[in-house]
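Me: Got a minute to go through this one with me? I'd like to start with the strands.
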Amino acid sequence: MINFAPFKKDFGASVIIFLIALPLAIGISIACGLNIYSGIVSAIIGGIVVGALSGNSLQVSGPAAGLILVVVDIIQTQGVEKLFLIIFLAGLVQIVFGLLSLGNWFRAITPAIIQGMLAGIGISIFLSQFHIMLDSKASGTFLANISDLWSIIYNSVLPFDFSRHHMACFIGFLTILLIILWDMYAHKKLKAIPSALIAVIVSSCVANLLNLDINYINVGQNFWSEFYFLDFPLALEGARWANVGVAVLVVTFIASAETLLTSNAIDKMCEHSKTNYNKEIIAQGVGNSLSGLFGALPVTGVIVRSAANIDAGAKTRLSAILHGVWVLIFVSLFPKILNYIPISALAAILVYTGYKLVDVNAAKYLFKVSRGEFTIYLITLFAILFTNLFEGIVLGFLAALVKNAYKIMRVNLKIIENKEDDSVLVMLCGNVTFLQLPSLIAAFEKIEGVKNVTICAQRLYFMDHA
C-alpha cells in the first residue's frame, strides 16, 4: 500500500513556503531597484531547479536579503546587463568549485565576520528600506541615509497632514505591527500561516479600501511580458574585466557562504538532515547560471524559508520544488492580484528583516568569549557600513588574519628563581620566531650573575632557526 503521509507533509509545507517566499521575492526585487520579475523568477528557479538538485533535501533556495547591497552596488557601478552577466559567471564558478570538491572551503570563515556581515547588511537594509517604506527615495550611502533620516521622519510622520508620505508611513508601521502581534499572540495552530503574509494581506486591504494614494506594485496583464534573456554581446560590451571578476568572486563567496551556513544550521535543526556540500554548491551554481540567463536575482539557501519548511513537517525535497511550482502558477494565472500590494508594506517587511539580522545576543556572546573576536565583528560591521560589502568582508578577513598571526607569534615567558641552589627555571609557552628575539634577549639579560639556568620548552610548539 502506498504511503501518502510524506506527500501530505511536503504538500502542506510547500504551501507555507510559497506564502513566505512570494512577498519576500517581490520586496527584495524592489529593494534592489529591479522589476519584481527578477525576484519572482529567482524564487521559481530556487524552488524547482535548485530544489531538485540540492545536496540538502530540506533546504529552500531563492533570492536573499543578504545580497541586496551587492546587487545595488553592481547596478550602480556596472549596470543591469553586467549584473546578470556576473550572476551567470558566479554560477559557473560555483559549479567548478563543486566539481573540484571545494565546497567545504566556503565554510572556512570565522563567526565574527559572519555576524558582522549580517549586522552590517541588516543596518543598511533597515535604513534604505525605511526611506522606501515612507514612499521616499533611499540615498546611495550609509551616511547619506543617516543624514536624511530625521528630515524623512519629520516630513512623513510629523505633523500628520494626510500626505502621500503619511499614508505610506501608516501602512508601513501597520505592517510591522501586524507581524509583531501575529508572532507574539497568534494561536499555535495559526502560527503556521506566515506573519508577513497576514501583514501584507491586511495592509493591502486597508490601503485599497481607504483608496490611499500611495505607490503600489505595477504588473501588467501578463507577467511573462517582462521575460528577459541575457544579451551576451550587450553585456560584454565595454566590460572592465577586473571589476567584473571581483564582482563575480564577491557574489560567489557571499552566496555560497550563506547557503552552506544555512545547510549547517538545517543539519543541526533536523536529525535526518546531512548536507552534501559539494552537491549543494553545484546545485546553487546551476541555479545562479539560469538566474543570470533569465534576468533573475542571485539564488542562495535561505534560513527563514528553510526553517519554516522544517517546522511545517517537510520530509523530502518535494516541498521545496512544489513551492517554486506554486509561485510559477500564481504569477502566470493571477498577476493582477499583485497590483493591490502597496510597496510600503513590502518595504516594511524588509525593515523588520533588517532589524532581525542584527543579532545583539550573538554580539554579546562574542564580547564575552573573546575581545579579539568582538573587535573583528566591529571592524567588519563598520567597514561594510562606511565602504561596501566586499571591502567590509576583506577588512574583516584582514583583521582576523592579524589577530591569528599575533596569537601564533606570541610567546609566554615565565622566570622562576630558586635562591637556595642559585638556579633559574625559564618556562616558554607558545611559538618562538625571530620576531621574539629582542624580548627574549632582554628577559635573559635581566638574570643577574652566573647561575644554573634551565629552559623548559615542553609547551613550546614551534621555534624557527633564528
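Me: In what sense do strand β3 and β4 pair?
Reply: This is a predicted model, and in it β3 (residues 411-418) and β4 pair in the antiparallel sense, over 8 bridges.

Me: Ok, which residue in β4 is the bridge partner of I415?
Reply: That's V426.

Me: And how many residues are between β3 and β4 in the hairpin?
Reply: There are 4 residues between them. One to look at in the turn is D422, which has a positive phi of about 55°.

Me: What about β4 and strand β5, which sense do they pair in?
Reply: Parallel, over 9 bridges, with β5 covering residues 452-463. As a spot to find on screen, S423 stands opposite N452 in β5.

Me: Why is β4 said to be largely enclosed by the rest of the structure?
Reply: Look at how many of its residues are buried: β4 runs over residues 423-432, and 8 of those 10 are buried, so the rest of the structure largely encloses the strand. Buried here means under 20% relative accessible area.

Me: Anything general about side chains on a strand?
Reply: In a regular strand the side chains alternate between the two faces of the sheet.

Me: Zooming out now. How many helices and strands does the chain have?
Reply: The chain has 18 helices and 5 strands. Buried residues make up 50% of its 466 residues, and the C-alpha atoms fill a box of roughly 95 × 65 × 55 Å along the principal axes.

Me: Let's do helices then. How far apart are the end C-alpha atoms of α5?
Reply: They are 31 Å apart. Helix α5 (residues 111-133) has 23 residues, and at 1.5 Å a residue it should span 33 Å, so the two values agree.

Me: Is α5 enclosed or open, and how many of its residues are buried?
Reply: In α5, 19 of the 23 residues are buried, so the helix is largely enclosed by the rest of the structure. After α5 comes D135, with a positive phi near 55°.

Me: Which residue has its C-alpha atom 8.0 Å from that of D135?
Reply: I343, and the two are 208 residues apart along the chain. You'll find I343 in helix α14 (residues 343-357).

Me: Is I343 buried or exposed?
Reply: Buried: its relative accessible area is 17%, and the cut-off for buried is under 20%.

Me: Same length check for α8 please, what should it span?
Reply: Helix α8 (residues 195-209) has 15 residues and should span 21 Å at 1.5 Å a residue; its end C-alpha atoms are 21 Å apart, which agrees.

Me: Which residues of α8 are buried?
Reply: S195, A196, L197, I198, A199, V200, S203, S204 and A207. Past the helix there's N211, and its phi is positive, near 55°.

Me: And α16, which of its residues are buried?
Reply: In α16 they are E373, F374, I376, Y377, T380, L381, A383, I384 and L385. The helix covers residues 371-386, and its 16 residues should span 22 Å at 1.5 Å a residue, in agreement with end C-alpha atoms 22 Å apart.

Me: What caps the N-terminal end of α16?
Reply: S370 does, with a side-chain oxygen 3.2 Å from the backbone nitrogen of G372.

Me: Switching to single residues. Where does T252 lie, and what does its side chain reach?
Reply: T252 lies in helix α10 (residues 241-269). Its side chain reaches the backbone oxygen of V248 at 2.7 Å. T252 is buried, with a relative accessible area of 1%.

Me: What about Q59, where is that found?
Reply: Q59 sits in the loop between α2 (36-53) and β1 (61-62). Q59 counts as buried at 2% relative accessibility, and its side chain makes a polar contact with the side chain of S263 at 3.0 Å.

Me: Last topic, holes! How many cavities of 30 Å³ or more are there?
Reply: The count comes to 1, and about 30 Å³ of space lies in the largest cavity.

Me: Which residues line the largest cavity?
Reply: I28, C32, P63, A64, L67, I68, V71, L297 and P298. α1 (5-32) and α3 (68-78) each supply at least two residues of that lining. By class, the lining has 9 nonpolar residues, no polar ones and no charged ones.

Methods
Residues numbered from 1 in each chain as written. Predicted model: local features only at pLDDT ≥ 70, side-chain atom pairs only at ≥ 80, totals over all residues. Heavy atoms only, no water. Buried < 20%, exposed > 50% of the residue type's maximum accessible area, 1.4 Å probe, protein only. Pairing = 2+ DSSP bridges. Polar contact = N/O pair within 3.5 Å; in protein donor to acceptor, adjacent residues only side chain to side chain. 1 Å grid on protein atoms, 1.4 Å probe; cavity = no way out; pocket = protein on both sides within 12 Å on 5 of 7 lines; lining within 4 Å. Points joined across faces, edges and corners; volume = space filled by probe spheres on them. Nonpolar A, V, L, I, M, F, W, Y, C, P; charged D, E, K, R; others polar. Expected span 1.5 Å × (residues − 1).
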